[in-house]
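The following paragraphs lead through a protein model, beginning with a single aromatic side chain and widening to the fold around it. Please keep the sequence and the coordinates at hand while reading.

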Amino acid sequence: MKNLILIWSLLVASISAFAQDRYISLQECNNDTLEYIKTNFTEKKIEKYINKPFGIFADDFELKFYYIGSSRKDWKNSGEIIGIKISYWGDDKFHLIKKFPIYCCFIKFYEPYPDSAGIAEYEFKNRVDQNKAIRGYLRDFIIEDMEFILFYNNGDTSKDKFWYWKGLEFD
């Protein structure tokens, strides 16, 4: 009887753990981008992308990527990007509008770092849009850390968290 209870408990715990890690599509979130990101890419759910190639994250992320900014290894010699700031909203000045809540994704890479002109060169060379250029160019770069941060929720208009993240300065 004790063995049966133990087996039953392990089964319930494993089913619960699996259910919590299940990916929820944008459609299942009624095309609500905030809910989609909160459900799949915040808190501990983002850890499955750490120490993995960017392409794994990009394959899971259903929304378009838009380049918002970067953090450079050396601002005087801007050849290497330590981190990138991307969003799913096309207006790169959305942080000035402050009309609606939006998530922004901050990603820090391991060395070798992406080249600062890499996304634009990939876009031009392959004649693709920015979304495909970000996905294609960054595909094999390894993610050291990443976080989605919600901006302008409940009247928050702080820009500090938009320009700085975990000791990195972003343009």
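Tyr23 has a relative accessibility of 27% and therefore counts as partly exposed; here buried means under 20% relative accessible area, exposed over 50%, and partly exposed in between, with a 1.4 Å probe and protein chains only. Tyr36, by contrast, is buried, with a relative accessible area of 0%. The model is a predicted one, in which local features need pLDDT of at least 70 and side-chain atom pairs count only at pLDDT 80 or more, while totals for chains, interfaces and linings use all residues. Residues are numbered from 1 along each chain as its sequence is written, and side-chain values use heavy atoms, with hydrogens and water left out.

The structure holds 21 aromatic pairs. Rings of Phe, Tyr and Trp (its six-membered ring) pair if their centres lie within 6.5 Å; planes under 30 degrees apart count as stacked, over 60 as edge-to-face and the rest as tilted. Tyr23 and Tyr36 make one such pair, edge-to-face, with 6.2 Å from centre to centre and 90° between the planes. Because Tyr23 lies in the loop between H1 and H2 and Tyr36 in helix H2, the pair ties together parts that are 13 residues apart in sequence. Phe109 and Phe141 form another edge-to-face pair, with 6.2 Å between the centres and 65° between the planes. This pair links distant parts of the chain, since Phe109 is in strand E3 and Phe141 in the loop between H6 and E4, 32 residues apart. Both Phe109 and Phe141 are buried.

The element names come from DSSP: helices (H or I, at least four residues) and strands (E, at least two) are DSSP runs, numbered from the N terminus. The protein chain has seven helices and six strands, and from the N terminus on its elements run α-α-α-β-β-α-β-α-α-β-α-β-β. Of its 171 residues, 36% are buried. Taking contact to mean heavy atoms within 4.5 Å, 64% of the contacts between residues at least 6 apart in sequence join residues at least 24 apart.

How are the strands of the open sheet ordered? Four strands form this sheet in the order E1-E2-E3-E4, with antiparallel pairing; two strands pair if DSSP finds at least two bridges between them. E1 and strand E4 (143–151) are the edge strands, each pairing on one side only. From one strand to the next, the twist averages 20°. Helix H2 (residues 33–41) packs on the sheet, where H2 touches E3 and E4, and the direction of H2 makes about 35° with that of E3. For such angles, axes are lines fitted to C-alpha atoms, for helices over the stretch in contact, and angles run from 0 to 180 degrees between N-to-C directions.

Within the sheet, E1 and E2 run antiparallel and are joined by six bridges; Tyr66 has Ser87 in E2 as its bridge partner. Five bridges join E2 to E3, also antiparallel. Here Gly83 has Lys108 in E3 as its bridge partner, and Ile86 has Cys105 in E3. Seven of the seven residues of E2 are buried, so E2 is largely enclosed by the rest of the structure.

Helix H6 (residues 130–138) contributes Asn131, Ala133, Ile134, Arg135, Tyr137 and Leu138 as its buried residues. These residues pack against helix H3 (54–60), strand E1 (66–72), strand E2 (81–87), strand E3 (102–109) and helix H5 (118–126).

The cysteines can be treated briefly. A search of the whole structure finds zero disulfides, a disulfide being a pair of cysteine sulfur atoms within 2.5 Å. For Cys105, the nearest cysteine sulfur is that of Cys104, 7.4 Å away. Cys105 is buried, with a relative accessible area of 1%, and Cys29 is buried as well, at 7%.

Finally, confidence varies along the chain. The protein chain averages a pLDDT of 81, and 74% of the residues score at least 70; pLDDT is the predictor's confidence in each residue, from 0 to 100. Among the elements, helix H1 (residues 2–21) has the lowest mean pLDDT, 52, and H3 the highest, 96. Over residues 13–19, pLDDT stays under 50, and the model has zero contacts beyond four places in sequence for them. Where pLDDT is low, the predicted coordinates should not be read in detail.
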